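Here's a quick Q and A on how some everyday structural labels get earned. Have a look at the structure, then follow the reasoning.

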Amino acid sequence: MTNTPTIGSTSRRGLLRAVAGAGAAAGLPGAAARASGNAENQPPNLPEWSRTLGPGVIEEPYGSRSRHETAVRRYVPWLTPDRISSVSFTPLAEMHGIITPSGLHFERHHGGVPDIDPADYRLMIHGMVERPLIFTLEDLRRLPSVSRIHFIECPANGGMEWRGAQMSGVQYTHGMLSCSEWTGVLLRVLLAQVGLRPGASWLLCEGSDASHLARSVPLAKALDDAIVAYGQNGEAVRPQQGYPVRLVLPGYEGNMWVKWLRRIEVGDRPWFTRWETRTYTDLMPNGLSRQFTFVNEVNSVITYPCPEKPLRGKPGFVEISGLAWSGAGRIVRVDVSVDGGDTWRTAELQEPVLTKALTRFRIPWEWREGQVAYLQSRAIDETGRVQPTIAALRKVRGVESIYHKNSIQTWLVERDGTVVNVQIDA
Amino acid sequence: MSRSMRKGALAGLPLLALAGFAVAQQAPTPRDVSALYRPFEAPPGERTRGDVPWPAPGNVSLPEPIPGIGRPATSAEIAGWDIAIRPDGANLPPGRGTVQEGEELYLQHCASCHGDFGEGIDRWPALMGGRGSLTTDNPRRTVGSFWQHAPMVFDYIRRAMPYTAPQSLTNDEYYALTAYVLYLNELIAEDAVMDRDSLPRVEMPNRDGFVLEERPDTENVACMQNCRQGRPVTVTMDSRQFVQPGSGSGTSEP
């Protein structure tokens, strides 16, 4: 059964109980194994790959990365009952720039990944429309198209950390986050094809996977920047991301970017589906839940250094680097602190800075061996929203709302350069 | 921005001034984001409502349609896929089911994950219990404690269950399963019959438990210097009590 709540509090406390007495896990795998390499391949010697011919073209008709690269999506077994209705995390520490390779894009499925023959793909649009229509994939590709770079983030990103720091690295604290170039038809073009009847105010967008996940989308958003996408990073949308067609709702929580999109129904009110009542609503301390909370607010995290990429043995120059994003628009500024938020310096933003897209920031730092530091980043978006502290969020929302945690992350740098996920006082 | 947030922002100003040495760099002037966060009008009232229309946006302008792309959907095609039920019961299909019929189906199709009494096995969701828990530090979101509308229980069970064979049962069987789950939560009597008329009348305890978006709900302060006012950093939670830094959270795969 689909199950987001286990991302929240109950299982977290379960972990608190389960792990507290169990002692530390085994040592870090492969930390220093390849540090120095094979001297025979290094100056002044001629390496073995320089002395022989390599494979020619189309040895690999669909290419893959170097066999020496090991970054992978990972999942956390205690979060979800099985792998079919589950989530995997993007290895953010391994990412360069702002584009997430499609093969490392985080996954969140509610009924597994359907295997859809594009010849059988159909999109039905009906309800309060003038002309209910069915589109083939070829139909969608004939319509005027756009390509836009946007991040997608599960609103439960960071949801395991409302009560405290418990995840081992940035892959798990922030890895339900990816950024791709999406290509497809603006939803307003499709709505023009069917024509809207007076009174239309909301759409229901429904997937064709086993969960038939369905979310209500305000018509104004659909007419603004929503895309019915068939392209991702220059090729077809990957199966895990909704092949052949998914909805793209820039800035909105990932759950609404319905994958394997089969049906859009036009209506005059939201539907109150399971995914907008039982889950993806934000429970407040007074027992009331906020509903239709769509925007992922301004957020950021340092991806180097981080627990997966410590500073051990690397004193001196450090380029602190990370990612910032906002569902409300462009990032205008990112400040970085190395002393737990006492002093801040403004980082450089990598151009182009795009709306509702990941933004890479960088700032130089000198780490003295033996120096304890508390690294933080704080993003500000074009609406003036400033990324809050976890204390500020908890003060308003308590610790049981699961979703939309966008607080400042703290990495503790130990004397030996180990980097630890911690939470500190405000 | 909500009225209370504006109040909060104003209240924050004297505090900053008092802070003396703390230096805040000018962040962009916060602008009204209500249309961004909440791009819709809602019916009047404190709680969200599914039983009345929500106002249409004012200025809808669409491009010219392009002839010849997309073909008409027949009513039979639409009927086959139009599975969405409304909170007020609209689009519920004909058919009926009893608690007793539902119990047998439940034990056959559902109990292996959700438990014989809806208590939930392992990490699979519980379907019952939790009433009164929403304001505690262990809120449990079940059909009885959290779900807003009884017809949407039918909607979800039919669209996505049984887990390994969604939409494989008859509408009568889905009514029966819905009846049994509601009965487990003591929301209907043991001899109740669920159909398109009775199901919308089931009163859900958390019907009025939902409000609209209230963000932004934190202040926009971007202090730059002496922000901790001499207070040393205190670690309130260190993840190493659970996991080694950089490890796969102790248990991740692959």
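Q: Why is B:Gly102 called buried?
A: This is a predicted model, and in it B:Gly102 has a relative accessible area of 0%. Buried means under 20%, so B:Gly102 earns the label. You'll find B:Gly102 in helix H4 of chain B, residues 99–109. Leaving aside neighbours within four places in sequence, B:Gly102 is in contact with B:Ala176, B:Leu177 and B:Tyr180.

Q: What makes B:Asp122 count as exposed?
A: The cut-off for exposed is over 50%, and B:Asp122 has 73% relative accessibility, so it counts as exposed. B:Asp122 sits in the loop between helix H5 (111–114) and helix H6 (150–160) of chain B. Its phi is worth a look too: near 50°, a positive value in a residue other than glycine.

Q: Why is B:Gln229 called partly exposed?
A: B:Gln229 has a relative accessible area of 39%. Buried needs under 20% and exposed needs over 50%, with partly exposed in between, so B:Gln229 gets the middle label. The loop between strand S6 (223–225) and strand S7 (235–238) of chain B holds B:Gln229. B:Gln229 also has a positive phi, about 55°, although it is not a glycine.

Q: What makes a positive phi worth pointing out in a residue other than glycine?
A: Most residues other than glycine have a negative phi.

Q: How do you know that A:Asn296 is buried?
A: Its relative accessible area is 3%, and the cut-off for buried is under 20%, so A:Asn296 is in. A:Asn296 belongs to a loop of chain A, between strand S14 (289–291) and strand S15 (299–304). Beyond four places in sequence, the residues in contact with A:Asn296 include A:Phe151, A:Tyr252, A:Ser326 and A:His404.

Q: What makes the approach of the A:Asn296 side chain to A:Glu153 a polar contact?
A: The side chain of A:Asn296 reaches the backbone oxygen of A:Glu153 at 3.0 Å. The distance limit for a polar contact is within 3.5 Å, so this pair meets it.

Q: Why is helix H4 of chain A called largely enclosed by the rest of the structure?
A: Helix H4 spans residues 187–194, and 7 of its 8 residues are buried, so the description follows. Among the buried ones are A:Leu187, A:Val189, A:Leu190 and A:Gln193. Right after H4(A) comes A:Gly195, with a positive phi near 75°.

Q: What makes chain A as compact as a globular protein of that length?
A: Chain A contains 6 helices and 23 strands. Its radius of gyration is 23 Å, close to the 22 Å that the globule rule gives for 426 residues, so the comparison holds. Along its principal axes, the C-alpha trace spans about 70 × 65 × 40 Å. Of the 426 residues, 66% count as buried.

Q: Which bond joins A:Tyr243 and A:Pro244?
A: A cis peptide bond, with omega about 5°. A:Pro244 is in the loop between strand S10 (235–236) and strand S11 (246–248) of chain A. Another cis peptide bond joins A:Tyr304 and A:Pro305, where omega is about -5°. A:Pro305 lies in the loop between S15 and strand S16 (316–325) of chain A. As a rule, most peptide bonds are trans.

How values were computed: Residues numbered from 1 in each chain as written. Chains lettered and ligands numbered in written order. Predicted model: local features only at pLDDT ≥ 70, side-chain atom pairs only at ≥ 80, totals over all residues. Heavy atoms only, no water. Helix = DSSP H or I, 4+ residues; strand = E, 2+ residues; numbered from the N terminus. Buried < 20%, exposed > 50% of the residue type's maximum accessible area, 1.4 Å probe, protein only. Polar contact = N/O pair within 3.5 Å; in protein donor to acceptor, adjacent residues only side chain to side chain. Contact = heavy atoms within 4.5 Å. Rg over C-alpha atoms; globule rule 2.2 N^0.38 Å.
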